[in-house]
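Let's take a walk through this one, moving from a pair of charged side chains to the interior and back again. Keep the viewer open as you read.

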Amino acid sequence: MAQSELDKLLKAFEDKNTSMEYYILMSVDGIPFKSNIEKNSEVVRVAGLIFDLILYSKKIIEDLKKVNEQGVNENLTLRMRLKNGEEIIVVQQNEYYLISKQICKIVDSGAEAEKKN
């Protein structure tokens, strides 16, 4: 995939997902190469932590394959919802991982807000 094509896809992804705080694109070797985070040290830290999680998850999937002989998709997708209203999503597509942090604030409807008062 050409760099300009990748930039267009990431820009469209950013525009569509307004709740996205950041994204990191990294290789399957755990090397981050594209991000919208300003500090490079933060990109490397987050990518390293997520890559450790990916390796551990893949080990678990391999163990599950041994128990259950059914076919398992080799591409990995992780979704972690945190108590503070954040969500981290990791999606593998061939030789890349896309890491995205979303802010998922729950907005009260008018009726629920009245009940609280």
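Start with Asp-15, which makes a salt bridge to Lys-11, with the closest N and O atoms 3.3 Å apart. Keep in mind that this is a predicted model. Both Asp-15 and Lys-11 sit in helix 1 (residues 3-16), 4 residues apart, or about one turn of the helix. Asp-15 has 49% relative accessibility, so it counts as partly exposed, and Lys-11 is partly exposed too, at 47%.

Helix 2 has a pair of its own. Glu-42 bridges to Arg-45, and here the closest N and O atoms are 2.9 Å apart. The spacing is 3 residues, again about one turn of the helix. Glu-42 is partly exposed at 27% relative accessibility, and Arg-45 is partly exposed at 44%.

Now for a salt bridge between strands. Lys-101 pairs with Glu-86, their closest N and O atoms being 3.4 Å apart. Because Lys-101 lies in strand 5 and Glu-86 in strand 4, the pair ties together parts that are 15 residues apart in sequence. Is this pair buried or exposed? Both residues are buried; for Lys-101, the relative accessibility is 13%, and the cut-off for buried is under 20%. Glu-21 joins in as well, so to speak: Glu-21, Glu-86 and Lys-101 are linked in a network of salt bridges. Beyond its neighbours within four places in sequence, Lys-101 is in contact with several residues, including Ser-19, Met-20, Tyr-22 and Ile-88. The whole structure holds 6 salt bridges.

While you're at strand 4, look at its partner. Strand 3 (residues 77-81) runs antiparallel to strand 4, and 5 bridges join the two. Thr-77 stands opposite Val-91 in strand 4. The two strands form a hairpin with 4 residues between them, and Gly-85 in the turn has a positive phi of about 90°.

On to the interior. The largest nonpolar core has 16 residues, and among those with the most contacts inside it are Ile-24, Ile-50, Val-90 and Tyr-97. Strand 1 (20-27), helix 2 (40-67), strand 4 (86-93) and strand 5 (96-103) each give two or more residues to this core. Which element supplies the largest share? That is helix 2, with 6 residues. Take Ile-24: setting aside its neighbours within four places in sequence, it is in contact with Val-43, Val-46 and Ala-47, and also with Tyr-97, Leu-98 and Ile-99, among others. Apart from this core lies another, of 6 residues, among them Leu-10, Tyr-23, Leu-25 and Leu-98.

Key
Residues are numbered from 1 along each chain as its sequence is written. This is a predicted model: local features need pLDDT of at least 70, side-chain atom pairs count only at pLDDT 80 or more; totals for chains, interfaces and linings use all residues. Side-chain values use heavy atoms; hydrogens and water are left out. A nonpolar core is a set of buried Ala, Val, Leu, Ile, Met, Phe, Trp, Tyr and Cys residues joined through side-chain atoms within 4.5 Å. Buried means under 20% relative accessible area, exposed over 50%, partly exposed in between (1.4 Å probe, protein chains only). Contact means heavy atoms within 4.5 Å. Two strands pair if DSSP finds at least two bridges between them. A salt bridge is a side-chain nitrogen of Lys or Arg within 4 Å of a carboxyl oxygen of Asp or Glu.
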